[in-house]
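Hi,

Here is the structure I promised to pass on. Have a look, and my notes follow underneath.

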Amino acid sequence: MIEKTLSIIKPDAVERNLEDKIKSFFEENNLKISNIKKVKISKEEAFEFYKVHQTKPFYNDLCNYLSSGPIVVMVLEGENAVLKNRELMGATDPKNAAEGTLRKKYGLSIDKNSVHGSDSIDNGKTEINFFFK
Ligand code: ADP
Ligand code: MG
């Protein structure tokens with residue numbers, strides 16, 4: 001099934017100029033970038049975006065981080081795009097990420113793990129709508 005999912009290139013990766021490499025990696029793996037923009041969000045917007053994590057101990061740091069610098073938000077489209085993107089990203093903690101995944105290649109730590117990806121079709125819709133109204 002052709003799906004859409006939201007991908008974010010997080011501040012640590014934008015700062016290291018990894019934008020083009022990450023975009024090419026998605027395209028080489030048959031995920032089309034159908035919408036893209038570079039933005040800087042406020043801490044309030046980050047709180048809203050990550051509200052599913054509001055009870056987690058790392059919520060405040062996570063929101064500070066996502067709002068700390070420019071990010072690139074993208075809609076990825078393709079066959080099984082949600083799961084495909086999760087596979088290309090790798091595990092949340094780069095230490096556990098499989099060889100060849102984005103987080104293995106570029107992630108610095110569990111918090112500076114370079115990319116975000118929606119974890120379900122429904123959350124993908126909500127997240128796409130958050131950035132591309
Ligand atoms: P993912 O981004 O792989 O979907 P989660 O949705 O569980 O992971 O968490 C959202 C983000 O919160 C992660 O990408 C990571 O940056 C951060 N995070 C998750 N777990 C921790 C943790 N134990 N300590 C610090 N930051 C974390
Ligand atoms: Mg998640």
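The lining of the largest pocket draws at least two residues from each of α3 (43-49), α4 (59-66), α5 (81-89), β4 (115-117) and α7 (121-131), with α7 giving the largest share, 5 residues. Helices (H or I, at least four residues) and strands (E, at least two) are DSSP runs, numbered from the N terminus. A pocket here is an open set of points on a 1 Å grid over the protein atoms alone, where a 1.4 Å probe fits and protein lies on both sides within 12 Å along at least five of seven lines; lining residues have an atom within 4 Å of a point.

This is a predicted model: local features need pLDDT of at least 70, side-chain atom pairs pLDDT 80 or more, while totals for chains, interfaces and linings use all residues. Residues are numbered from 1 along each chain as written, chains are lettered from A and ligands numbered from 1 in the order written, and side-chain values use heavy atoms, leaving out hydrogens and water.

And what sits in that pocket? Ligand 1 does (more than half of its atoms lie within 2 Å of the grid points). Around ligand 1 (a heavy atom within 4 Å) are K10, H53, F58, L62, R86, T92, R103, I110, D111 and N113.

Three of these make polar contacts (N or O pairs within 3.5 Å) with ligand oxygens: the T92 side chain at 2.6 Å, R86 at 2.9 Å and R103 at 2.9 Å. The protein covers 75% of the 530 Å² that ligand 1 has accessible on its own (Shrake-Rupley, 1.4 Å probe).

Cheers

Terms used
Polar contact = N/O pair within 3.5 Å; in protein donor to acceptor, adjacent residues only side chain to side chain.
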